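Hello,

Here is the structure I promised to pass on to you. Please open it beside this email, and my notes on what was found in it follow below.

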Amino acid sequence: SSNFDRKTQRRSFLVMEPQSSQGSHQPAMEIQGALETIYAKGSGWFLFRGTVVACVASMMMSVETNMITFLTYCSEDQWDLGSVAGDVLVVCIVFGIMMGTLVFSPLGDICGRRAIIFFSTACLVVFGIVSAWAPSFWIFVVLRTCVGFFEGAWTVALSYILELVPTETRGRFTMCANVAWGFGSVFVAALAWLVIPTLGWRWFTSLSMLPFAVNLVPLYLLPESPRWLLSQDREEDALASLAYIAKTDGCEMPCSELIPTAQDIFDADIPREERTFGFYVKRMWSSYRELLSPELRWLTLRVWAAISFIIGGYAALVMFDVDVLSEELGLDVYSATYAVLEKVLHLSPRSVGHAPKSVSLLSGSAGSTCTFEYEFILWVATSEILGAVLMMPFIDRPNLIVGGGRVGSQVVSYALATIAAVVCGYDVPGRLVFAYAARGLACGGSGVLMIQIPELYNTAQRVTAVGASSIASYPGLGIATAIVYSGWSDSAMMWIAAIALACGLGFTACLPETAEQKLD
């Protein structure tokens with residue numbers, strides 16, 4: 001049944017005899033060794049193409065979270081609705097994203113990386129474009145919930161990049177996905193600025209799907225992760241995937257056999273046509289349960305604690321930066337973050353001490369809620385790119401005495417972010433710069449953490465671990481929201497944010513270093 005499974009599951013564009021079959025003298029190699037030999041001898045074209053395509057796919061979550069504010073106010077304006085309708089829209093989108101993350105993360109480990117990325121991206125494009133022309137608000141809500149659901153597969157794209165790049169530069173290549181997140185934020189802000197005032201919000205919604213629509217063809221042409229294929233005991237398919245990569249790079253296959261390194265092999269003897277819906281539900285549950293097995297429980301709990309504290313501290317900095325500090329400095333802005341949280345948590349600017357006094361991110365006539373302060377939104381989004389780029393020279397160098405590797409780069413970034421956060425809680429010169437720096441450093445550090453998490457788990461559990469960690473960050477976000485809009489003094493809020501970052505730093509420092517380590 002295993003051989004039958006291998007034959008039926010091979011992709012049409014991978015049906016080729018590996019070039020190594022012509023010479024039986026070629027040695028058996030591990031996946032990582034085979035990939036690095038191909039990259040060393042080849043043109044590097046596949047590595048570049050694969051990274052770009054996967055990074056565009058990973059932008060989907062960033063695009064949706066940054067679109068929520070625009071869609072909420074514009075849909076209310078379009079159908080002349082009250083704020084309750086906006087509440088429903090935002091809650092449904094967030095619920096869709098959470099459910100998509102819960103579902104697609106384990107499916108990425110069960111069904112394969114490329115298959116889930118392509119399927120989710122195709123559905124995202126279809127539902128995204130159709131939602132733009134919804135005839136009624138409630139149809140719009142249903143369609144945007146579906147869009148949020150399919151965006152939950154962003155975790156799979158991150159793991160796909162991780163499994164294909166060379167060990168020595170794995171951090172820098174995978175960090176490109178976090179840079180892509182920042183570009184997604186900038187893309188949405190720039191597109192809204194160009195399109196909403198001229199063509200309207202419906203065209204803005206449709207055109208936001210353009211990068212993903214264009215990405216479908218190169219995404220379809222990517223091979224499945226050979227590391228995942230080998231973890232499923234599909235050596236022939238893994239060799240075919242490597243042969244495709246070698247052919248794309250213009251070099252020969254370096255091996256004729258592969259040496260398995262995955263710790264676990266799941267479901268290799270179950271043909272796809274025998275896998276029922278109940279099988280997938282059971283397998284998904286077992287994937288999450290495995291994260292809390294005796295062997296992984298302590299590691300998983302440390303990871304969840306680290307990401308909850310870090311995301312909580314980072315979220316507090318974002319909200320303080322654009323919702324509290326900006327008002328005190330007279331910048332007259334209203335952040336997308338607060339607009340979303342106001343809808344979800346029913347916060348009222350009139351009843352929350354440090355909330356903005358007016359919806360001043362919205363500009364234009366008093367009768368319209370579909371115009372915005374685009375320049376400020378675009379400027380704020382740049383911090384997400386800057387923070388990720390700053391980490392790239394250090395994350396693959398664990399030999400550095402200070403600030404090197406996954407752990408060292410995070411410790412330094414969180415430590416500096418903690419200091420900057422405390423300073424910006426007081427009325428000092430350059431206060432906005434300190435706030436911006438704290439946000440960028442915390443963002444860059446959290447990006448490194450999202451690389452380290454999948455590296456800590458084996459191939460059969462990797463995407464599930466990323467998805468579970470993403471869900472584990474939600475409590476930190478909720479606590480940060482309550483603190484920033486509590487009405488407490490600025491110094492108190494920023495001290496709490498700094499303590500959260502310091503706690504995250506402590507848990508991160510206890511995680512194993514993964515730079516230059518081979519993946520299981």
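Let me start with Phe-140, which counts as buried because its relative accessibility is 0%. Please keep in mind that the model you are looking at is a predicted one.

Phe-140 has an aromatic partner, Trp-79: the two rings form a tilted pair, 5.9 Å centre to centre, with 45 degrees between the planes. Which parts of the chain does this pair tie together? Trp-79 lies in the loop between α4 (60-78) and α5 (83-110), and Phe-140 in helix α7 (residues 137-150), so the pair ties together parts that are 61 residues apart in sequence. Trp-79 is also buried, with a relative accessible area of 19%; the cut-off for buried is under 20%.

The two rings belong to a cluster as well: ring pairs link Trp-79, Phe-137, Trp-138, Phe-140 and Trp-201. In the whole structure there are 18 aromatic pairs.

Another of the ring pairs is made by Phe-149 and Phe-150. The ring centres of Phe-149 and Phe-150 are 5.3 Å apart and their planes stand at 80 degrees, so this pair is edge-to-face. Phe-149 is partly exposed, with a relative accessible area of 23%, whereas Phe-150 is buried at 9%.

A ring also appears in a contact with a charge. The charged end of Arg-114 sits over the ring of Phe-118, 5.8 Å from the centre of that ring.

You may like to look at Thr-121 next, in helix α6 (residues 113-132). Is Thr-121 buried or exposed? Thr-121 is buried, with a relative accessible area of 0%. Which residues does Thr-121 touch, leaving aside its neighbours within four places in sequence? They are Met-60, Phe-212, Leu-216 and Leu-219.

Now to the salt bridges, of which the structure holds eleven.

One of them joins the side chains of Lys-518 and Glu-30, at 3.5 Å from N to O. This salt bridge links distant parts of the chain, 488 residues apart: Lys-518 is in the segment after α22 (490-509), and Glu-30 is in the loop between β1 (28-29) and α2 (31-41). Lys-518 counts as exposed, at 57% relative accessibility, while Glu-30 is partly exposed, with a relative accessible area of 29%.

Arg-406 takes part in salt bridges with two acidic residues that I would like to point out. With Asp-396, the side chains of Arg-406 meet at 3.0 Å, N to O. Here Arg-406 is in helix α18 and Asp-396 in the loop between α17 (374-391) and α18, ten residues apart. Both ends have low values: Arg-406 is buried with a relative accessible area of 0%, and Asp-396 counts as buried at 4% relative accessibility.

With Glu-455, the closest N and O atoms of the salt bridge to Arg-406 are 2.7 Å apart. This pair connects helix α19 (residues 431-455), which holds Glu-455, with helix α18, which holds Arg-406, across 49 residues. Both Glu-455 and Arg-406 are buried.

How does this part fit together, and which residues are in the network of salt bridges? The linked residues are Arg-170, Arg-172, Asp-396, Arg-406 and Glu-455.

Helix α18 (residues 405-424) also holds Val-412. Val-412 is partly exposed, with a relative accessible area of 30%. Together with Ile-401, Val-402, Leu-416 and Ile-419, Val-412 makes a nonpolar surface patch of about 520 Å².

Finally, some figures for the chain as a whole. The chain has 22 helices and two strands. Of its 520 residues, 60% count as buried. The accessible surface of the chain comes to about 19900 Å², and 67% of that surface belongs to carbon and sulfur atoms. Among contacts in the chain with a separation of 6 or more, 82% are accounted for by residues 24 or more positions apart.

If you want a place to begin on screen, try Phe-140 with its tilted partner Trp-79, and then go on to Arg-406 with Glu-455.

Best wishes

Conventions
Residues are numbered from 1 along each chain as its sequence is written. This is a predicted model: local features need pLDDT of at least 70, side-chain atom pairs count only at pLDDT 80 or more; totals for chains, interfaces and linings use all residues. Side-chain values use heavy atoms; hydrogens and water are left out. Patches are made of residues with over 30% relative accessible area and no salt bridge: like charges are joined within 9 Å, nonpolar side chains (Val, Leu, Ile, Met, Phe, Trp, Tyr) within 5 Å. Accessible areas come from the Shrake-Rupley method with a 1.4 Å probe; for residues, only the protein chains shown count as cover. A salt bridge is a side-chain nitrogen of Lys or Arg within 4 Å of a carboxyl oxygen of Asp or Glu. Helices (H or I, at least four residues) and strands (E, at least two) are DSSP runs, numbered from the N terminus. Buried means under 20% relative accessible area, exposed over 50%, partly exposed in between (1.4 Å probe, protein chains only). Contact means heavy atoms within 4.5 Å. Rings of Phe, Tyr and Trp (its six-membered ring) pair if their centres lie within 6.5 Å; planes under 30 degrees apart count as stacked, over 60 as edge-to-face and the rest as tilted. A charge sits over a ring if NZ of Lys or CZ of Arg is within 6 Å of the ring centre and within 35 degrees of the ring normal.
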